[in-house]
Amino acid sequence: MLQLSPLATQVEKEQHDRLSRMANSQNEALANLNDYLEILQSEVYVDLDRLRLLARHGIPNELRAEVWKYLLGVQQADRSKELSNSKARKEDYEQLDKQDPEIAKRIRGEVARYQRRVPLLDGRQHMDRFENVILAYLSANRDAEYHPALISLCAPFVYVLDQEWDAYYCFEKLMQALEEHYTTHNIKENMAKFMTLFRHTLPDLCNYFEEEEVDLSEWTTSWLQHLLSREMKFEDLVQLWDAYFAIIDFVDFHPFVCLAILLNARENLEDLEQSEIRTMLLRLPYLNIQRLLAEAYNLRQEDLQRQLSEDGELL
């Protein structure tokens, strides 16, 4: 009888364990998919509370477009008028002015640069959708001004949503959420609050940045205002926004995700010099999004408890 060597036995065991993990992962993915389908295939009403709970842990690629529309309020939970509402959205979008040669040229230039960094969005079709969606948004929102960051903020919707008009309405919902937040909390106030959290949570790293003369405003402004859309790897950004759209106050939650990134990258950052730190903060590496979210939830809870404790001491 053939006797396997200890090494062969170990290799066989590792292969078996790997296959078992793959099978478990596939079973979990299938169960997750079935949970989503049960909610989305409801004939009368989509359970948004349950959908939000699921989305915080990620959305299957094939269902992301539909789920995002519900989470952002573009598609209503009451399905009785779903077809008529969808038709109305399309017709309203088609009526929006998408003609502005000067802005269109600036959009195309910025999109071309973005496409070199994110090949998933390469091609003329994506270029046209960027241009149409952003011009429509600026036309419908006269107080808004063109900014290159609109490209990175719009990109996930151009990629995820099947129909251009749905991409527009989801993009508009995001921009409304940001506008509402910054109407009551200006960027200087947000930066000051974030820096206070940064110093309290990561004092050694904060001191190191100051020693290296890292320009804190350069990256914190962009991180906070643009939801990491310019700095994060595109695939990570889409996963992060799955969770964000499932959270009612995601703009308030966002600074704690930024803190979680710094917490995870602390050891690497403390080994770098000023220019290297800047490069890393403006072009983040791939991240474990679920781990970041879990740590961000913990950081937020710790901050709330600290505030309650301080308020109690003042009484």
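Helix H8 is a good place to start, since H8 supplies the largest share of the lining of the largest pocket, 5 residues. Keep in mind that what you're looking at is a predicted model. H8 runs through residues 164–184, and along with helix H7 (149–160) it puts at least two residues into that lining.

Now for the pocket itself. Its volume is about 540 Å³. In total, 20 residues line the largest pocket, and if you want to find its centre, look for Tyr137, Met175, Leu178, Glu179 and Gln225, the closest ones to it. The lining is a mix: 10 residues are nonpolar, 6 are polar and 4 are charged. Domains matter here too, as domain 2 (96–181) and domain 3 (185–313) each give at least three residues to the lining of the largest pocket.

Let's move on to the second largest pocket, which holds about 370 Å³ of space. Here 22 residues make up the lining, and Leu71, Ala177, Ile247, Ile248 and Phe250 sit closest to the centre. You'll meet H8 again: with 5 residues, H8 gives the most to this lining as well. Several helices join in, with at least two residues each from helix H2 (48–55), helix H3 (64–71), H8, helix H12 (234–245) and helix H13 (250–269). Sorted by class, the lining of the second largest pocket has 12 nonpolar, 5 polar and 5 charged residues.

Next, zoom in on a single residue, leucine 202. You'll find leucine 202 in the loop between helix H9 (187–201) and helix H10 (203–211). Is leucine 202 buried or exposed? Its relative accessible area is just 2%, and because that is under the 20% cut-off, leucine 202 counts as buried. So what does leucine 202 touch? Leaving aside residues up to four places away in sequence, its contacts are Leu197, Leu259, Leu262, Leu263 and Arg266. Take leucine 262 from that list: it lies 60 residues from leucine 202 along the chain, yet the two C-alpha atoms are 8.2 Å apart.

Finally, step back to the whole chain. The protein chain has 15 helices and 0 strands. It is 315 residues long, and 45% of them count as buried. Among contacts with a separation of 6 or more, 72% link residues 24 or more positions apart. As for the outside, the accessible surface of the protein chain is about 17800 Å², with 48% of that belonging to carbon and sulfur atoms.

Conventions. Residues are numbered from 1 along each chain as its sequence is written. This is a predicted model: local features need pLDDT of at least 70, side-chain atom pairs count only at pLDDT 80 or more; totals for chains, interfaces and linings use all residues. Side-chain values use heavy atoms; hydrogens and water are left out. Helices (H or I, at least four residues) and strands (E, at least two) are DSSP runs, numbered from the N terminus. Buried means under 20% relative accessible area, exposed over 50%, partly exposed in between (1.4 Å probe, protein chains only). Contact means heavy atoms within 4.5 Å. On a 1 Å grid over the protein atoms alone, a cavity is a set of points where a 1.4 Å probe fits but cannot get out, and a pocket is an open set with protein on both sides within 12 Å along at least five of seven lines; lining residues have an atom within 4 Å of a point. Grid points are joined across faces, edges and corners, and a volume is the space filled by probe spheres set on the points. Ala, Val, Leu, Ile, Met, Phe, Trp, Tyr, Cys and Pro count as nonpolar, Asp, Glu, Lys and Arg as charged, and the others, Gly among them, as polar. Domain bounds come from an automatic or database domain assignment. Accessible areas come from the Shrake-Rupley method with a 1.4 Å probe; for residues, only the protein chains shown count as cover.
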